[in-house]
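Work through the exercises below with the model open beside you. Try each task before you read its solution.

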Amino acid sequence: LHPEPRPAPGIHPTAVVDATAALGSGVSVGPHAVVEARAEIGDRVILGPGAVVGAGARVGADSRLHPRVVLYPGVTLGERVVVHAGAVLGADGFGYVDGPEGKVKFPQLGTLVVEDDVEIGANAALDRGALEATVIRRGTKIDNLVQIAHNVEIGRNCAVSAQTGIAGTTKLGDGVVMGGQCGIGDHGVIGDGIVMGARSTLFSGKRLEGPGLYFGHPARPLREELRRMAAPERLQRLAVRVQALEKRLERLEGEVE
């Protein structure tokens, strides 16, 4: 109903495309975009101004990279993937070990695989795996300013809202929905069909079994969390009643004396 305008196919004079890169038919490469050695760009792909496709990276047909998107070397995008401005895909994961003189970086030798029909919001950051791959399954939608760490696996048709952070080696099943500012510890597991309310958290190594609606810090089934949230108000009402009873008791004791 509202098709997005497409730039004309071709390579802008200010773009830099390595001679060993392979470009399909109908590709549009915008101003100051860079396509590095051995990169593969599928048919009808659009690379916006300043977009960078790293060495050996692959972008599937009909995908679109908006301005200043960065694909690090070796990243793979499926078909019809949309990546919005400023997103960084395939940067090193946050992996360090303690050495005699401080933190020592663990080499991040894995990659990032994004399957078909995924959309990634502006300024999101999806890290490459440490030794294997970070994987985003087909149909998943990722909002702006989301951080996905190394070796995370996100299932099909998930929705991850803005400012959510997912720590390393966490696994999300299919159809998971996460509200804004959720925080997920490393090695967590979130089952199929789980819905997490905004600002919910899952501690490291914990599991949520799906389907179901969870909320809170840490995330609990919604009914349980609502009872917990209501408890302080009930205690306040109880305190007021106790004070009233104490005053009444004092009056009664005074009358008896």
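**Starting point: one arginine**

Arg80 is partly exposed, because its relative accessibility is 34%. Here buried means under 20% relative accessible area, exposed over 50%, and partly exposed in between (1.4 Å probe, protein chains only). The model is predicted: local features need pLDDT of at least 70, side-chain atom pairs count only at pLDDT 80 or more, and totals for chains, interfaces and linings use all residues. Residues are numbered from 1 along each chain as its sequence is written, and side-chain values use heavy atoms, with hydrogens and water left out.

**Exercise 1.** Find the salt-bridge partner of Arg80 and place both residues.

*Solution.*
- Step 1. A salt bridge is a side-chain nitrogen of Lys or Arg within 4 Å of a carboxyl oxygen of Asp or Glu.
- Step 2. The side chain of Arg80 meets that of Asp117 at 2.7 Å, N to O.
- Step 3. Arg80 sits in the loop between β12 (76-77) and β13 (82-83), and Asp117 in the loop between β17 and β18 (119-120), so the pair ties together parts 37 residues apart in sequence. Strands (E, at least two residues) are DSSP runs, numbered from the N terminus.
- Step 4. Asp117 is partly exposed, at 23% relative accessible area.
- Step 5. Shared partners join Glu79, Arg80, Asp116, Asp117 and Arg138 into one network of salt bridges.

**Exercise 2.** Is Arg64 buried or exposed, and which residue does its side chain meet in a salt bridge?

*Solution.*
- Step 1. The structure holds 13 salt bridges.
- Step 2. One of them joins Arg64 and Glu4, at 3.5 Å, N to O.
- Step 3. Arg64 is in strand β10 (residues 64-65), while Glu4 is in the segment before β1, 60 residues apart.
- Step 4. Arg64 counts as buried at 18% relative accessibility. Glu4 is partly exposed at 49%.

**Exercise 3.** Which strands stand at the edges of the open sheet?

*Solution.*
- Step 1. Two strands pair if DSSP finds at least two bridges between them.
- Step 2. The order is β1-β4-β7-β10-β13-β18-β21-β24-β27-β30-β33-β34, 12 strands with mixed pairing.
- Step 3. β1 (10-11) and β34 (220-221) are the edges; each has a single partner strand, so one side of each lacks a neighbour in the sheet.
- Step 4. β1 pairs with β4 (residues 28-29) in the parallel sense over two bridges. Gly10 has Ser28 as its bridge partner in β4.

**Exercise 4.** Which residues does Ile120 contact, leaving aside neighbours within four places in sequence?

*Solution.*
- Step 1. Contact means heavy atoms within 4.5 Å.
- Step 2. The partners are Val82, Val83, His84, Ala87, Leu89, Val114, Leu126 and Ile142.

Technical notes:
Helix = DSSP H or I, 4+ residues; strand = E, 2+ residues; numbered from the N terminus.
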